[in-house]
Amino acid sequence: MNINEIIEYLPHRYPFLLIDRVLEIEEGKRIKALKNVTINEPFFPGHFPHHPVMPGVLIVEAMAQAAAVLSFKSMGVKPDENSVVYFAGIDSVRFKRPVVPGDQLIFDVEITQSKRNIYKYKGVARVDGDVATEAELMCALKTL
């Protein structure tokens, strides 16, 4: 999926849309997505001015955005202005290496459980094959 297809499944927009492409998707099971990290990211001037590092919470957010695309695609629906995905829990988060400008983050996210509109996922973010972040996510899909 390219960026135009991704924005059909996510309400996020600049500067908070954090995935650039979906490389693979196996509906109901897993997704592989990427984010190109550039020096032009709006958070780098403040995090940190002399040593830019992508905030870990934004890496986890990007992972959750990939998970949301997977869930909506798996349900066969495109969200509308009344659809939203909320974090319900984040567990076992580990940050293994910093993510810096020039890195390409590859997210592998799999659905581990789903019941009604509650989904659990296991996600891993890698740079050059090395684990940067891993987490277990729980999200609730809501209609407003």
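This short presentation describes the strands, a helix, the nonpolar core and one annotated residue of the structure shown above.

Good morning. Please keep in mind throughout that this is a predicted model.

I begin with the sheet. Six strands make up an open sheet, and their order across it is S1-S2-S4-S5-S6-S3, with antiparallel pairing. At the edges stand strand S1, residues 21-26, and strand S3, residues 83-95; each has a single partner strand, so one side of each is left without a neighbour in the sheet. Direction ignored, neighbouring strands of this sheet are turned by 20° against each other on average. As a reminder, strands of a sheet pair through backbone hydrogen bonds, either parallel or antiparallel.

Let us now cross the sheet from the S1 edge. S1 and S2 run antiparallel and are joined by five bridges. Within this pair, glutamate 24 stands opposite lysine 32 of S2. The hairpin of S1 and S2 has three residues between the strands, and glycine 28 in that hairpin takes a positive phi near 80°. From S2 we pass to S4, through seven bridges in an antiparallel arrangement. Here lysine 32 appears again, this time opposite aspartate 108 in S4.

Further along, strand S5, residues 118-127, is joined to strand S6, residues 130-143, by ten bridges, and the two run antiparallel. One pair to find on the screen is lysine 122 with its bridge partner in S6, glutamate 136. Two residues lie between the strands in the hairpin of S5 and S6, where aspartate 128 has a positive phi near 50°. Finally, ten bridges join S3 to S6, also antiparallel. In that pair, valine 84 is placed opposite lysine 142 of S6.

I turn next to helix H2, residues 56-75. How far apart should the ends of this helix be? At 1.5 Å a residue, its 20 residues should span 28 Å, and the end C-alpha atoms are 29 Å apart, which agrees. Is the helix mostly covered or mostly open? It is mostly covered, since 15 of the 20 residues of H2 are buried, that is, under 20% relative accessible area. Just after H2 comes glycine 76, with a positive phi of about 75°.

This leads to the interior. In soluble globular proteins, nonpolar side chains tend to be buried together. In this model, the largest nonpolar core has 40 residues, and those with the most contacts inside it are Ile19, Met54, Val69, Leu105 and Phe107. The elements giving two or more residues to this core are strand S2, H2, strand S4, S5 and S6. H2 gives the most, with twelve residues. Leucine 105 deserves a moment on the screen: beyond residues up to four places away in sequence, leucine 105 touches several others, among them Ala33, Leu34, Met54, Ile59, Val99, Ala125 and Val127.

My last topic is histidine 47. The UniProt annotation "active site", from an unreviewed entry, covers His47. Where does histidine 47 lie? Histidine 47 is found in the loop between S2 and H2. Its relative accessibility is 23%, so histidine 47 counts as partly exposed, the range for that class lying between 20% and 50%. Apart from neighbours within four places in sequence, histidine 47 is in contact with Pro52, Val53, Met54 and Pro55. Met54 has been named before, as one of the residues with the most contacts inside the largest nonpolar core.

Thank you for your attention.

Notes: Residues are numbered from 1 along each chain as its sequence is written. This is a predicted model: local features need pLDDT of at least 70, side-chain atom pairs count only at pLDDT 80 or more; totals for chains, interfaces and linings use all residues. Side-chain values use heavy atoms; hydrogens and water are left out. Helices (H or I, at least four residues) and strands (E, at least two) are DSSP runs, numbered from the N terminus. The expected span of a helix is 1.5 Å times one less than its number of residues. Buried means under 20% relative accessible area, exposed over 50%, partly exposed in between (1.4 Å probe, protein chains only). Two strands pair if DSSP finds at least two bridges between them. Axes are lines fitted to C-alpha atoms, for helices over the stretch in contact, and angles run from 0 to 180 degrees between N-to-C directions. A nonpolar core is a set of buried Ala, Val, Leu, Ile, Met, Phe, Trp, Tyr and Cys residues joined through side-chain atoms within 4.5 Å. Contact means heavy atoms within 4.5 Å. UniProt positions are given in the numbering used here, feature names are shortened, and annotations may be inferred rather than shown by experiment.
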